[in-house]
Amino acid sequence: MKEYVFKKDRSEIPKVIDFIRECLDKKKITKKNAVRPLLAAEEILEKICEVANDDSEIIVGVESLLGNVKIKYSGKGGEFTVADIQGKLLFGGSSSIGGRAGEALQGLIQKLFGENLNVRCEKGNIFVKQQVKKSPYSNLIVTLLALVLGVATGLLMQNMLPSDVSGTITKNVFSPVYTVLINALKMIVAPLVFFSIASSIAEFSDIRALGRIAGKVVAMYILTSVLAIGVGYVTYNIFPIGNPNLAQAVDADAAAATIAKGESATISIKDTLVGIVPTDVITPFQKSDMLQIIFMAICLGLAAATLAKAVPIVKDFVSAMNMAFSKITAVIVSFMPVMVFCSMAKMMATMKFSSFMDVITWIPVVYLGDVIMICVYLVLLLIFARLNPFKFISKYYPAMVSAFTLSSSNAALPSSIRQCKSLGVSEKVYSFSLPLGATINMDGSCITLMISALFFARIYQLPVTGAMLLQLFIAIIVLSVGSPGVPGGNLVCLTLLIPQIGIPAEAISLVMGLYPIISMMQTMANVTGDAVVTTIAARSEDMVDIKKYNQ
């Protein structure tokens, strides 16, 4: 990191700004993108000189790591906050500016600083960090490293440590850390989805426009789910996998816990539709019933939009809560590489190699189905939105890889939102469509369920008839819209699905150990579908910045 050191002297500020400009130029920050950071840097230096001790050395450095570029400031002196620096731009801290001029000025300040400035003053020391560029790939690189290290650690434990030692490490280290992080993720999902959808609806002053967008989004989600089931069927028929000898390897004991989770759940269109309306406002959050949470969020959002002029505090409250839970989610997601490492190490340390080889053919067939579905998405984007699909992939793929490594549509939601923003999609659309899609749009899961059901049917030598396919189609659609509100997610969905066609639920023991590998690819397909539908809906309402999309 290059540094510039100077004594407290405002006359040095222009020289420091020149130093920062040269460093940013070497870091390949364009002049256009350097304007805002340099304006902010000038205000930061002014404030530091104002509060620093007379004999203090002020150190300014520019560093780059994994594509992230930061400016760091340090010195000794009094205390100040980000708000103090922002106040300097309000014409000396005047609060008399109102109306559109005040809003425009606040917008300028937000662009200058946003969430990219951190000020810490403690024990007479001043530390300031200013984010100039945040690479969309830094988190991806760290997560991929965690994935590789987790696999390597698990294999080493399995092959070099006694099973009891490996089991002890897994039980007392990897499992607790993974459980804490996944519980934190589960904790935040319900309020995040609730306030995100409510806030996006509250922003619509024209309820009819919201109705049009929501109708298009839901219709496209249903269309892609139907296409996904078709893709799963076609993919399986191209590669009809399933060895009848595998039926002898079914382990009833290994599957008992998962089966128990789905025992009380049923597949019924009527029950799914009736169950959307909750009996109270607490139970849906306790059970993480996403359909009921979405219903309540829509009600709150519509009420806030209707009362926006008469009682603006309702809309402001919903918006503030959305920001708060988004911030909490960002903090939790920052620990996701740790979760990925623990998850992969735990899985690879316990997975039986023989079990892996028995069903290895299941994995590439499901992966192929997901890849075909992603190609279908790009064709839909070209047909319905008339947008270049290659531009979409070039900008959105960091979110796709993030979804792959995290194996959770909800965990990948912040990354998906960030990439949709870079595509030029309006916040009014993606803040509503993406959380909704993370809950009800499970195209990757549809593909997995169809291929898995046909895979098991071949193992148990059951004839695939038209009636069976109709049963599978209806059951998969219902499960993709509202999976049962019990832990276990898609694996429990598979437990509910296969008995519908005469296959014992215990058959899932064949794939239980490998399901996390499948889950990664199906999550990537799910998230990509959410983004494509969001882009198509936004384009139909002329709410995509085409210039930004094509950059």
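Strands, like helices, are DSSP runs; a strand is a run of E of at least two residues, and the elements are numbered from the N terminus. By this rule, residues 57-65 form strand β2, and Leu65 lies in this strand. The model in which these elements are found is a predicted one.

The protein chain as a whole contains 23 helices and 5 strands. Of its 551 residues, 47% are buried. The accessible surface of the chain amounts to about 26,100 Å², and carbon and sulfur atoms account for 61% of that area. The contacts within the chain can also be sorted by separation in sequence. Among those between residues at least 6 apart, 80% join residues that are at least 24 apart.

Attention may now return to Leu65 and its surroundings. Leu65 has a relative accessibility of 60%, and because the cut-off for an exposed residue is over 50%, Leu65 counts as exposed. Leu65 also takes part in a nonpolar surface patch of about 530 Å², together with Leu66, Ile141, Val142, Leu145 and Leu149. Which helix gives the most to the nonpolar patch? The answer is helix α5, which spans residues 138-160 and supplies 4 residues.

The next subject is the aromatic rings. How many aromatic pairs does a search of the whole structure find? The search yields 10. In one of them, the ring centres of Phe195 and Phe325 are 5.6 Å apart and the ring planes meet at 10°; the pair is therefore stacked, since planes under 30 degrees apart count as such. This pair links distant parts of the chain, for Phe195 belongs to helix α6 (residues 163-202) and Phe325 to helix α12 (residues 312-333), and 130 residues separate them. Are these two residues buried or exposed? Phe195 has a relative accessible area of 10% and is buried. Phe325, with a value of 18%, is buried as well, because the limit is under 20%.

A second pair, formed by Phe455 and Phe456, has its ring centres 5.5 Å apart and its planes at 50°, so the pair is tilted. The angle lies between the limits of 30 and 60 degrees that set stacked and edge-to-face pairs apart. Phe455 is buried, with a relative accessible area of 1%, and Phe456 is buried with a value of 1%.

Finally, ring pairs can join into a cluster. Phe195 and Phe325 belong to one that also includes Phe194, Phe285 and Phe317.

Note on methods:
Residues numbered from 1 in each chain as written. Predicted model: local features only at pLDDT ≥ 70, side-chain atom pairs only at ≥ 80, totals over all residues. Heavy atoms only, no water. Patch = residues over 30% accessible without salt bridge, like charges linked within 9 Å, V, L, I, M, F, W, Y side chains within 5 Å. Areas by Shrake-Rupley, 256 points an atom, 1.4 Å probe, with all protein chains shown as cover. Salt bridge = Lys/Arg side-chain N within 4 Å of Asp/Glu carboxyl O. Buried < 20%, exposed > 50% of the residue type's maximum accessible area, 1.4 Å probe, protein only. Phe/Tyr/Trp six-rings, centres within 6.5 Å; stacked < 30°, edge-to-face > 60°. Contact = heavy atoms within 4.5 Å.
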